[in-house]
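Here is a small set of exercises to try with the sequence and the structure side by side. Take each task on your own, then read the solution beneath.

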Amino acid sequence: LASGEVERALAEGSDTIALANVTSATQTMSQAGVDATMFRQAAGRLGQNTNGMAGPGKEQIYTVFSFTQLPNLQAIPEYNSAELRGDSENPYVKGVWMRGGGVLLSLSTAVAQDANGWHNPMFIRAALQIGWNTGRAEVEQQKFELQNKVIAFNNFGSGIIHQLRMIVMRTTASAL
């Protein structure tokens with residue numbers, strides 16, 4: 001049980017490291033909160049910047065938003081109308097809220113925040129480089145007499161390698 005919790009903490013630590021790099025992205029949009037127009041413009045920009053590589057039926061588009069934008073995201077029609085999404089699935093179960101647009105949306109508490117707001121990225125895989133020095137996160141448990149030690153190894157690095165393949169939707173106000 002404890003090792004599972006440690007593994008989850010390491011995974012969140014890795015997300016935090018990767019998402020911290022998003023603040024250095026050069027392709028940004030900014031407003032108080034995400035709305036349908038901003039989201040569609042970001043998807044269009046990403047398609048343009050990738051020469052059409054990102055889009056429906058093409059390479060998967062990923063987005064990571066702070067939970068502070070959840071009410072705003074829920075107001076975008078493509079997310080809440082099965083007819084507009086092009087499916088009959090529950091988006092809150094599957095996590096794919098806009099199948100017609102080819103977008104996989106994730107919510108995270110690890111989205112980078114600074115004085116400029118929350119940095120919510122929309123990207124394709126080719127935008128980020130992620131690497132481990134020692135393989136995946138390893139958790140080792142040692143028992144010495146009555147003491148337990150949990151030793152965690154997670155030598156992890158990340159960086160943006162293709163600036164045009166990531167659009168950051170910077171939001172400055174919480175919708176919560």
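The exercises below start with the whole chain and then turn to smaller parts of it.

**Exercise 1. Get an overview of the chain.**
Find out how many helices and strands the chain has, and what share of its residues is buried.

Solution. Keep in mind that this is a predicted model. Step one is the secondary structure, which comes to six helices and ten strands. Step two is burial: of the 176 residues in the chain, 38% are buried. Step three looks at contacts between residues at least 6 apart in sequence, where 76% join residues at least 24 apart.

**Exercise 2. Follow strand 5 and its neighbours.**
Work out which strands pair with strand 5, and in what sense they run.

Solution. Begin with strand 4 (residues 113-114), which is joined to strand 5 by two bridges and runs antiparallel to strand 5. The link between strand 4 and strand 5 is a hairpin of two residues. Here glutamine 113 is found opposite tryptophan 118 of strand 5.

Next comes strand 2, again antiparallel to strand 5, with two bridges between them. Threonine 63 has methionine 122 of strand 5 as its bridge partner.

Last is strand 10 (residues 166-171), which pairs with strand 5 over six bridges in the antiparallel sense. Methionine 122 turns up once more, with isoleucine 167 in strand 10 as its bridge partner.

Now add burial. Seven of the seven residues of strand 5 are buried, so strand 5 is largely enclosed by the rest of the structure.

**Exercise 3. Classify an aromatic pair.**
Decide whether the rings of tyrosine 62 and phenylalanine 123 are stacked or edge-to-face.

Solution. Two aromatic pairs are counted in this model. In the one formed by tyrosine 62 and phenylalanine 123, the ring centres are 5.8 Å apart and the planes meet at 25°. Rings pair if their centres lie within 6.5 Å, and planes under 30 degrees apart count as stacked. The pair is therefore stacked.

Now place the two residues: tyrosine 62 belongs to strand 2 (residues 61-66) and phenylalanine 123 to strand 5 (residues 117-123), so the pair ties together parts that are 61 residues apart in sequence. Both tyrosine 62 and phenylalanine 123 are buried.

**Exercise 4. Describe the second largest pocket.**
Which element gives the most residues to the lining of the second largest pocket?

Solution. The volume of the second largest pocket is about 250 Å³. Its lining consists of Tyr62, Thr63, Val64, Leu104, Ser106, Phe123, Arg125 and Leu128. Two elements give two or more residues to this lining, strand 2 and strand 3 (103-108). Strand 2 gives the most, with three residues. Sorted by class, the lining has five nonpolar, two polar and one charged residues.

**Exercise 5. Compare two single residues.**
Say whether asparagine 51 is buried or exposed, then locate glutamate 12.

Solution. Asparagine 51 sits in the loop between helix 2 (36-49) and strand 2. Its relative accessible area is 75%, so asparagine 51 is exposed. Its phi is near 55°, a positive value in a residue other than glycine. Most residues other than glycine have a negative phi.

Glutamate 12 is found in helix 1 (residues 2-20). With 44% relative accessibility, glutamate 12 counts as partly exposed. Its C-alpha atom is separated by 9.2 Å from that of serine 108, 96 residues away along the chain.

Technical notes. Residues numbered from 1 in each chain as written. Predicted model: local features only at pLDDT ≥ 70, side-chain atom pairs only at ≥ 80, totals over all residues. Heavy atoms only, no water. Phe/Tyr/Trp six-rings, centres within 6.5 Å; stacked < 30°, edge-to-face > 60°. Helix = DSSP H or I, 4+ residues; strand = E, 2+ residues; numbered from the N terminus. Buried < 20%, exposed > 50% of the residue type's maximum accessible area, 1.4 Å probe, protein only. 1 Å grid on protein atoms, 1.4 Å probe; cavity = no way out; pocket = protein on both sides within 12 Å on 5 of 7 lines; lining within 4 Å. Points joined across faces, edges and corners; volume = space filled by probe spheres on them. Nonpolar A, V, L, I, M, F, W, Y, C, P; charged D, E, K, R; others polar. Pairing = 2+ DSSP bridges. Contact = heavy atoms within 4.5 Å.
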